[in-house]
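Here's a quick tour of how some helices and strands fit together in this fold. Take a look at the model first, then read on for the local details.

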Amino acid sequence: SSGFSSSSIFPSNPVSNGRHRSRRRRLLRRRKRAHYFRVVMMALVAIVLCFGLVDLYYLVTVTKHHKLSEIKPAFQKQGEKVKEVWREENEEMKEELGYLLSRNHHEHSDKPTFEKIEDENDDDADVDVDADKDEIYTILQQAGLSIDDLDIDTKRRLPTWTMVREAYGSEPVIYGLERCSDFTSNVEPSVSFLGIAGTFNSGTNLLAELLIQNCQIRERMALFGEEQKGMRWQVPWGKHTPVEYREEHVTTTDKDVPLENSFPMITIRDPYRWMRSMCKHIYGARWFHNKTTCPNVWSYEAHAPTEVRVKYAATFVHHESLPGFWNDWYNGYSNAHFPRIIVRFEDLLFHAKNVTETLCKCGGGEPRRKHFRHVKASAKLGTAAHGANKTDLLDALIQFGSNKGRLNGMVASDITHSRDLLDPFLMEKFQYKYADLKELKEEMG
């Protein structure tokens with residue numbers, strides 16, 4: 001009744017109140033940290049689940065389109081590779097440990113502590129890494145590379161000339177040379193030029209660069225100037241365009257060039273390696289495949305070849321399969337009524353001087369310089385390029401110098417059905433060998 005409240009009778013203690021507020025703040029911070037921790041953990045769980053679903057998808061896709069008997073060897077090969085790497089690392093660790101123990105034991109001795117390791121390599125030292133590689137070294141010298149600059153490991157990896165002959169024969173294959181005079185006798189040299197063509201991933205840039213560096217048409221230079229040597233990186237209708245659209249499609253830069261003034265120089269490539277390249281760079285081609293099933297020549301769902309659709313500008317072209325795409329494109333040029341030359345991509349690597357000079361002479365040109373110049377950098381790098389540097393000449397000689405790696409990534413169905421689908425005329429004409437299951441088994445180790 002006096003009017004005094006309990007708070008006025010017992011005033012608040014500022015120290016006690018401060019402690020309460022401090023505890024509340026700590027409690028709130030702990031709750032926030034716990035909340036953030038839960039959010040992070042949930043995000044991690046979601047990521048793990050996503051990866052699991054992706055793996056499950058690929059597993060289902062593989063088993064759906066390939067027999068388990070075909071998949072099993074691939075997994076066995078991968079497991080063997082892991083075991084091999086582990087064994088190599090184990091051996092290296094043992095050698096290193098032995099070296100350190102030997103060094104500790106003989107630290108006051110004049111004898112080298114790695115004498116035993118050198119003895120183990122005596123067999124390799126006796127091998128002549130230069131044997132049967134004179135032609136390969138000549139190619140590198142044509143590109144301005146010094147053999148003395150190559151280390152011993154690179155020399156070992158370079159193919160022998162015997163390996164090259166076993167893969168592609170002893171001579172280059174050039175189709176259409178009988179039509180050379182049809183072009184040179186009907187087209188005035190001053191307005192003629194050599195144009196490059198070939199389907200995707202067939203080596204068109206390499207051929208363009210070789211001709212640009214080593215060939216010229218003097219009559220054209222006399223009329224249009226020294227820069228106009230008559231070598232163009234593509235034909236007027238587009239280098240990747242099928243020949244059926246020759247009169248329907250013209251590139252922007254060549255719309256005023258008469259079609260008959262261009263002498264097409266066409267590149268073709270081993271179809272098995274070409275299919276593997278298409279898996280890496282599909283360009284305008286579309287067909288059902290993924291990283292684990294490529295080239296996926298056969299569809300087990302449809303019990304038929306996997307259809308391919310290719311987009312050229314505003315036009316779509318359908319092919320029965322990836323081998324069918326290769327067949328259709330090159331049969332078109334093989335059966336063309338006008339002069340054209342078809343040359344193998346592999347011969348541009350191993351017979352570049354012979355092939356380039358032959359094409360140049362066939363089209364009415366002459367050598368641009370006294371000494372032939374090979375392309376040192378990648379076929380994707382240079383004045384005729386439209387892509388990034390992929391493989392230089394040295395790597396290309398190693399990669400394509402033998403049949404090793406020709407069937408990388410393929411499965412049994414790709415091999416068996418490609419044999420049925422690839423055109424026997426083209427395979428025989430360009431001396432490409434059909435692959436078989438024995439070769440695939442050897443490839444898989």
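## Around a buried tryptophan

Leaving out residues up to four places away in sequence, Trp 326 touches Ile 268, Arg 269, Pro 271, Trp 274, Leu 422, Leu 426, Met 427 and Tyr 432. Keep in mind that this is a predicted model. Trp 326 sits in helix α13. Is Trp 326 buried or exposed? With a relative accessible area of 1%, Trp 326 is buried, since anything under 20% falls in that class. Along the chain, Trp 326 and Met 275 are 51 residues apart, and their C-alpha atoms are separated by 8.8 Å.

Met 275 brings us to helix α12, which covers residues 271-280. The axes of α12 and α13 come within 10 Å and cross at roughly 115°. That crossing is right-handed. Which residues do the meeting? On the α12 side they are Pro 271, Trp 274, Met 275 and Met 278, and on the α13 side Leu 322, Pro 323, Phe 325 and Trp 326. By class, the residues of this contact divide into 8 nonpolar, no polar and no charged.

There's another buried residue to look at here, this time in helix α17 (residues 412-421): Ser 418. Its relative accessible area is 0%, so Ser 418 counts as buried. Setting aside neighbours within four places in sequence, Ser 418 is in contact with Tyr 272, Met 275, Val 297, Pro 323 and Ser 413. Two of those names, Met 275 and Pro 323, also turn up in the contact of α12 with α13.

## The sheet under α13

Now for the strands. An open sheet is built from 3 strands in the order β6-β9-β10, with antiparallel pairing. β6 (285-286) and β10 are the edge strands, each with a single partner, so one side of each is left without a neighbour in the sheet. Helix α13 (residues 322-334) packs on this sheet and touches β6, β9 and β10, its direction making about 45° with that of β9.

What are the pairings in detail? Strand β9 (residues 308-312) and strand β10 (residues 315-319) run antiparallel over 5 bridges, and Tyr 312 has Thr 315 in β10 as its bridge partner. β9 and β10 make a hairpin with 2 residues between them, and Ala 313 in the turn has a positive phi of about 50°. On the other side of β9, the pairing with β6 is antiparallel over 2 bridges, and the partner of Ala 285 in β9 is Val 310.

## Backbone oddities

Most residues other than glycine have a negative phi, and most peptide bonds are trans. Here are some spots worth checking against that background.

| Residue | Phi | Location |
|---|---|---|
| Tyr 283 | near 50° | loop between α12 and β6 |
| His 303 | near 55° | loop between β7 and β8 (304-305) |
| Ala 313 | about 50° | turn of the β9 and β10 hairpin |

The accessibility of the two loop residues is also on hand. Tyr 283 has 31% relative accessibility, so it counts as partly exposed. His 303 has a relative accessible area of 62% and is therefore exposed.

As for the peptide bonds, the one joining Cys 294 and Pro 295 is cis, with omega about 20°. Pro 295 is in the loop between β6 and β7 (298-299).

## A second helix pair

Two packed helices are described by the angle between their axes and the distance between the axes. For helix α6 (residues 134-142) and helix α16 (residues 393-400), the angle is about 155° and the axes are 10 Å apart. This makes α6 roughly antiparallel to α16, as angles over 145 degrees count that way. Their crossing is right-handed.

Ile 136, Ile 139 and Leu 140 in α6 meet Leu 393, Leu 394 and Leu 397 in α16. The residues of that contact divide into 6 nonpolar, no polar and no charged.

Which residues of α6 are buried? They are Ile 136, Tyr 137, Ile 139, Leu 140 and Gln 142. These buried residues pack against α7 (152-157), α8 (161-168), α14 (345-350) and α15 (352-362), as well as α16. After α6 comes Gly 144, with a positive phi near 85°.

Notes. Residues are numbered from 1 along each chain as its sequence is written. This is a predicted model: local features need pLDDT of at least 70, side-chain atom pairs count only at pLDDT 80 or more; totals for chains, interfaces and linings use all residues. Side-chain values use heavy atoms; hydrogens and water are left out. Axes are lines fitted to C-alpha atoms, for helices over the stretch in contact, and angles run from 0 to 180 degrees between N-to-C directions. Helices (H or I, at least four residues) and strands (E, at least two) are DSSP runs, numbered from the N terminus. Angles under 35 degrees count as roughly parallel, over 145 as roughly antiparallel, 65 to 115 as roughly perpendicular and the rest as oblique. A crossing is left-handed if the near helix is turned anticlockwise from the far one by less than a right angle, and right-handed if clockwise. Contact means heavy atoms within 4.5 Å. Ala, Val, Leu, Ile, Met, Phe, Trp, Tyr, Cys and Pro count as nonpolar, Asp, Glu, Lys and Arg as charged, and the others, Gly among them, as polar. Two strands pair if DSSP finds at least two bridges between them. Buried means under 20% relative accessible area, exposed over 50%, partly exposed in between (1.4 Å probe, protein chains only).
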